[in-house]
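Q: I am new to this structure and would like a close look at a single part of it, the packing of its interior. Please take me through that part slowly, and then show me how individual residues relate to it.

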Amino acid sequence: MIKVILWDLDQTVLDFRRSEFCALKKAFSHFCIGELDCELHRSYSEINQACWLMLEQGRLTKEQVMSKRFEDFFKKHDIVTPVQPAEFSVFYEDCLPDTIAFVDYANETLNFLKGKVKQLVVTNGAAAVQHKRLEKSGLDEIFDGVFISDEIGFEKPNEKFFVPVLDEAQRYANRDEIVIIGDSLTSDMRGGMNAGIKTCWFNPNGLTAPEEYRIDYQIKRIDDVINEFELW
């Protein structure tokens, strides 16, 4: 039986891609560097993900990620800006909470599960940004606990990230009654493996995971968890 669900936030509960596009579009306009199109957004998103992966691997610091992603992006596309990448990043981060959109069925599912199981959010996002997004989305009223890497001092999948998370989760459940749900193999599934808890891969595109990952459950829609898990 599952008694505690650890929810990843971005691209699992909240549609980060939409927020990312809108924030980038505002930053492009604010700094007068042209129009953001889908191809540029896709390119930035790939660069951003690569930088966050290097953070997970301990190859970059959080501060380096914030600057390097835009430094690499501007260089790749020969974009000239009136500001440094770090300043551009600050403006972009401030715009991220302006656009709130849910992954399909996520809001309904979390509301349905409220009070039936304990739900904690576990995210690697920037603390100030994530707290604003949780408040604007109303998720701060649904989750029973919020755990952000900025405040813990370690990122998923580092097992040290999960120390305070499990301290809280094990107030309500044994370790084998806890599951992490997320879209990222390297962050969420690897993190669950490192923490010694069950893993559920949100895999809407039906991809195949490398054999190195232990996947206990797979779902294509967020509301599949209601039937996939033994919850009560």
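A: What follows begins with the packed interior, moves on to one pair of helices, and then turns to single residues and the backbone.

This is a predicted model, in which local features need pLDDT of at least 70 and side-chain atom pairs count only at pLDDT 80 or more, while totals for chains, interfaces and linings use all residues. Residues are numbered from 1 along each chain as its sequence is written, and side-chain values use heavy atoms, with hydrogens and water left out.

The largest nonpolar core has 29 residues, and F28, F70, F73, F88 and Y92 are those with the most contacts inside it. A nonpolar core here is a set of buried Ala, Val, Leu, Ile, Met, Phe, Trp, Tyr and Cys residues joined through side-chain atoms within 4.5 Å; buried means under 20% relative accessible area, exposed means over 50%, and partly exposed lies in between, with a 1.4 Å probe and protein chains only. Four helices, α1 (16–30), α2 (38–56), α3 (62–76) and α4 (85–95), each supply at least two residues of this core, and α2 gives the most to it, with 7 residues. Helices (H or I, at least four residues) and strands (E, at least two) are DSSP runs, numbered from the N terminus. A second, separate core of 26 residues includes V13, I142, F143 and I222. In soluble globular proteins, nonpolar side chains tend to be buried together.

F70 gives a good view of the first core, since, leaving aside its neighbours within four places in sequence, F70 is in contact with L24, Y44, P85, F88, S89 and Y92, where contact means heavy atoms within 4.5 Å. F70 also takes part in the meeting of α3 and α4. The axes of these two helices come within 8 Å and cross at roughly 110 degrees; axes are lines fitted to C-alpha atoms, for helices over the stretch in contact, and angles run from 0 to 180 degrees between N-to-C directions. The two helices are therefore roughly perpendicular to each other, on a scale where angles under 35 degrees count as roughly parallel, over 145 as roughly antiparallel, 65 to 115 as roughly perpendicular and the rest as oblique. On the α3 side the contact is made by M66, S67, R69, F70, E71 and F74, and on the α4 side by P85, A86, F88, S89, Y92 and E93. These residues divide into 7 nonpolar, 2 polar and 3 charged, with Ala, Val, Leu, Ile, Met, Phe, Trp, Tyr, Cys and Pro counted as nonpolar, Asp, Glu, Lys and Arg as charged, and the others, Gly among them, as polar.

In the loop between α3 and α4 lies D78, which has a positive phi of about 50 degrees although it is not a glycine, and which is exposed at 69% relative accessibility. C32, in the loop between α1 and α2, likewise has a positive phi, of about 55 degrees, without being a glycine, and at 68% relative accessibility C32 is exposed. Most residues other than glycine have a negative phi, and most peptide bonds are trans.

Within α2 itself, H41 is buried, with a relative accessible area of 12%, and H41 touches R17, E20, F21, L24 and L36, not counting residues up to four places away in sequence. L53, placed in helix α2, is partly exposed, with a relative accessible area of 30%.

Burial can also be followed in helix α9 (residues 185–195), where D188 lies. D188 is buried, with a relative accessible area of 1%, and a polar atom of its side chain lies 3.4 Å from the backbone nitrogen of D183. Not counting residues up to four places away in sequence, D188 touches D8, K156, I180, G182 and D183. S187, in helix α9, is buried at a relative accessible area of 5%, and beyond its neighbours within four places in sequence, S187 is in contact with E56, N124, K156 and P157. K156 and P157 are joined by a cis peptide bond, with omega at about 15 degrees, and P157 lies in the loop between α7 (149–152) and α8 (162–169).

Key:
Polar contact = N/O pair within 3.5 Å; in protein donor to acceptor, adjacent residues only side chain to side chain.
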